[in-house]
Protein chains: 2
Amino acid sequence: MNGGLTYRDAGVDLEAARATKARLSELVRGTRTDAVSSDFGSFGGRFRATPGRELVASADGVGTKLKIAFMADRHDTVGADLVNHCVNDILVEGARPLIFMDYVACGVLNPDTVTSVVSGLAAACRANGCALLGGETAEMPDFYAPGEYDLAGFVVGEIAYPKLARRELAPGDRLIGLASSGIHTNGYSFVRALFLGRLGLGAHDPFPGAEVSVSDILLRPHRSYLSILERSLEAGRVRALAHITGGGIPGNVDRVIGGDLDAVVRSDSWPRPHEFDVIARESGADEAELFATFNMGVGMIAVVREADTGKVLEEIRGAGCEAFICGELIAGGGKVHLESA
Amino acid sequence: MNGGLTYRDAGVDLEAARATKARLSELVRGTRTDAVSSDFGSFGGRFRATPGRELVASADGVGTKLKIAFMADRHDTVGADLVNHCVNDILVEGARPLIFMDYVACGVLNPDTVTSVVSGLAAACRANGCALLGGETAEMPDFYAPGEYDLAGFVVGEIAYPKLARRELAPGDRLIGLASSGIHTNGYSFVRALFLGRLGLGAHDPFPGAEVSVSDILLRPHRSYLSILERSLEAGRVRALAHITGGGIPGNVDRVIGGDLDAVVRSDSWPRPHEFDVIARESGADEAELFATFNMGVGMIAVVREADTGKVLEEIRGAGCEAFICGELIAGGGKVHLESA
């Protein structure tokens with residue numbers, strides 16, 4: 001020691017970073033697909049799209065759902081949230097994912113935490129048939145509280161269902177709601193203020209009126225609709241999709257219906273999952289606020305011709321997802337109407 | 001008010017977010033290129049690559065250089081850091097950028113700050129001929145200190161210089177060092193511990209021995225080498241490139257030379273920029289530590305055949321960048337030797 005400043009003094013442990021990199025490299029290799037042509041550790045990840053196919057890219061983060069993972073000290077679920085959210089976002093544009101890249105930022109790198117996060121990302125990538133091509137693990141002292149991190153990701157896919165992007169819709173088309181797997185990844189600032197703030201619950205406390213814990217409900221991963229919708233998409237039976245994320249049904253269905261149609265959504269046409277009943281009761285928020293914030297049990301809405309409704313419901317249910325006719329399109333001006341009996 | 005919890009109570013202002021989105025949309029539209037086929041606001045950004053060309057993707061963050069931007073309250077330079085870093089990373093693989101996506105995360109969205117960040121991203125995208133295809137602006141209460149944010153980005157490019165990825169290198173090849181524009185984006189935890197910690201300087205204090213401020217030196221953007229190297233790359237005169245980032249010259253040149261060659265780098269063969277002299281003197285760190293942490297004045301190293309050296313130096317200098325012969329390849333086993341007279 002000569003009194004010189006070293007990187008370790010500055011809070012960055014390069015050795016731990018190298019050891020972690022080796023573990024992450026294994027996880028990444030396990031997601032390799034035919035599209036990938038580079039090895040782990042290159043400056044940029046190389047991949048091939050099918051010549052002539054248009055590509056679609058999307059970026060997203062997990063948001064404040066991460067705080068629940070920190071409280072529960074459980075880090076293997078947020079990767080699925082991120083990957084599946086991104087996969088759903090490009091599916092709406094008619095694309096299947098080719099590659100995914102992650103950005104994990106923390107104050108001081110905890111190798112077990114980062115490995116757990118990346119194992120979740122890798123498993124979700126494999127489940128969606130896409131390669132975890134690479135990413136960046138950033139150690140940023142003084143940016144993140146101890147034990148905390150941020151997680152963002154980026155997906156590139158190629159158009160497999162071009163019809164979806166054309167959105168040829170007409171009055172009389174039916175809206176099919178696909179069940180969400182829970183709160184997915186939006187509304188978590190509201191959720192935290194309610195459950196952890198107002199109700200004073202901890203991650204391991206029982207969820208009100210349920211057999212499982214608060215974190216079991218609040219960490220349930222955002223579901224991917226890719227394999228669920230695959231058969232109907234291959235058959236060309238889906239005219240448009242809306243991924244129900246921030247803004248809820250009103251704020252996402254309006255993005256696909258165009259300027260000449262309105263959507264009528266009957267908000268009592270599907271069984272409302274228990275957690276949304278609890279949120280409604282305990283927050284006192286009105287229906288409009290709830291529907292503008294949460295998916296309320298519907299994570300994706302498919303627009304189909306009336307004649308195809310039965311077949312599409314059958315295909316979706318056959319793939320293991322509940323689905324309901326939840327409304328229809330009428331002539332109008334781009335508005336979404338929420339109605340209940 | 002009915003006592004119901006609203007999103008604004010939970011610290012998220014959806015109106016401010018919408019207003020900011022409109023400003024960002026303008027900035028993004030200004031970067032549109034022929035590759036882009038989607039409009040702002042779609043779920044995923046659509047783009048086309050040239051059929052048959054291989055693609056390269058890379059993810060990166062700005063790291064703790066952001067803390068200097070916070071201190072100086074200057075947010076229009078970090079976008080260039082991020083875009084140029086990503087562009088250089090895929091250039092090394094032989095790729096030119098097609099699209100870029102950003103991830104900006106903050107506690108409470110400050111519209112002016114986010115707009116300033118995105119204006120920097122957009123300007124850097126335009127300068128590199130790539131489209132800012134979209135991104136995610138995440139408002140995450142309790143994650144980031146007031147006035148702070150994190151910034152990450154993802155680039156996708158297509159192979160334009162396939163020779164670079166093949167790395168056909170031989171003993172006797174020359175190393176050409178291209179001048180950095182300063183500290184670029186690595187070593188900032190060290191830099192902060194030294195200048196702000198040990199030396200107790202503020203962002204607007206004069207930089208030791210310089211006419212300009214600490215933040216003027218420390219925020220100077222990471223340079224893009226794309227247009228600088230374009231002529232030599234088009235002419236096929238560059239055999240390999242190493243982007244000098246985290247790990248410095250030893251930790252990046254070793255990634256391109258392969259297992260049968262060593263690189264000899266003469267560390268006194270270029271003028272060392274003033275800031276690195278100050279860092280060396282004030283930190284007391286030895287040369288090995290400095291070279292493993294900082295670019296030390298060389299932001300990119302090009303490997304060229306001896307016969308092409310003069311022409312490549314001329315082309316790089318003609319594009320406005322200083323360049324120096326800083327070493328050569330010899331038979332060996334994948335090691336990088338730093339030597340000085």
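Where chain A and chain B touch, 66 residues come from chain B and 67 residues from chain A. Keep in mind as you look around that this is a predicted model. On the chain B side, quite a few elements chip in with at least two residues each, among them strand S1 (45-47), strand S2 (55-61), helix H3 (78-91) and strand S3 (95-106) of chain B. Further along chain B, strand S4 (131-139), strand S5 (149-159), helix H6 (188-198) and helix H11 (287-293) do so too. The biggest giver is S2(B), with 7 residues. As for the character of chain B's side of the contact, its residues split into 31 nonpolar, 21 polar and 14 charged.

S2(B) is also a good place to see the two chains joined strand to strand. Strand S1 (residues 45-47) of chain A runs antiparallel to S2(B), and 3 bridges link the two. To find the spot, look for A:Arg46, which stands opposite B:Val56 in S2(B).

Now stay in chain A and pick out two helices. Helix H3 (residues 78-91) and helix H4 (residues 111-127) of chain A pack with their axes 7 Å apart, at an angle of about 40°. That angle lies between the roughly parallel range, under 35 degrees, and the roughly perpendicular one, 65 to 115, so H3(A) and H4(A) count as oblique to each other. Their crossing is right-handed. Which residues of the two helices meet? From H3(A) come A:Val78, A:Gly79, A:Ala80, A:Leu82, A:Val83 and A:Asn84. Facing them in H4(A) are A:Val117, A:Val118, A:Gly120, A:Leu121, A:Ala123, A:Ala124 and A:Cys125. Sorted by type, the residues of this contact are 10 nonpolar and 3 polar, with no charged ones.

Further along chain A there's a sheet to trace. Its 6 strands form an open sheet with mixed pairing, in the order S7-S9-S6-S10-S8-S11. Strand S7 (240-243) and strand S11 (336-339) of chain A are the edges, each pairing on one side only. From one strand to the next, the twist averages 25°. Within this sheet, strand S8 (residues 261-266) and strand S10 (residues 323-331) of chain A pair antiparallel over 5 bridges, and A:Val265 stands opposite A:Gly327 in S10(A). Helix H12 (residues 309-318) of chain A packs on the sheet, where it touches strand S6 (174-179), strand S9 (298-304) and S10 of chain A. The direction of H12(A) makes about 10° with that of S6(A).

Over in chain B, start with strand S9 (residues 298-304). Is S9(B) enclosed or open? Since 7 of its 7 residues are buried, S9(B) is largely enclosed by the rest of the structure. Strand S6 (residues 174-179) of chain B pairs with S9(B) in the antiparallel sense over 6 bridges, and there B:Leu178 stands opposite B:Met300. Strand S7 (residues 240-243) of chain B also pairs antiparallel with S9(B), over 4 bridges. In that pairing, B:Ala240 has B:Val303 as its bridge partner.

B:Leu178 leads on to a last stop, as B:Cys321 is in contact with B:Leu178, B:Ala179, B:Ile228 and B:Ile316, leaving aside neighbours within four places in sequence. B:Cys321 is found in the loop between helix H12 (309-318) and strand S10 (323-331) of chain B. With 19 other C-beta atoms within 10 Å, B:Cys321 is partly exposed, because a residue needs 20 or more to count as buried.

Conventions: Residues are numbered from 1 along each chain as its sequence is written. Chains are lettered from A and ligands numbered from 1 in the order in which they are written. This is a predicted model: local features need pLDDT of at least 70, side-chain atom pairs count only at pLDDT 80 or more; totals for chains, interfaces and linings use all residues. Axes are lines fitted to C-alpha atoms, for helices over the stretch in contact, and angles run from 0 to 180 degrees between N-to-C directions. Angles under 35 degrees count as roughly parallel, over 145 as roughly antiparallel, 65 to 115 as roughly perpendicular and the rest as oblique. A crossing is left-handed if the near helix is turned anticlockwise from the far one by less than a right angle, and right-handed if clockwise. Two residues are in contact if their C-beta atoms, placed from the backbone, lie within 7 Å. Ala, Val, Leu, Ile, Met, Phe, Trp, Tyr, Cys and Pro count as nonpolar, Asp, Glu, Lys and Arg as charged, and the others, Gly among them, as polar. A residue is buried if 20 or more other C-beta atoms lie within 10 Å of its own, exposed if 12 or fewer, and partly exposed in between; C-beta atoms are placed from the backbone. Two strands pair if DSSP finds at least two bridges between them.
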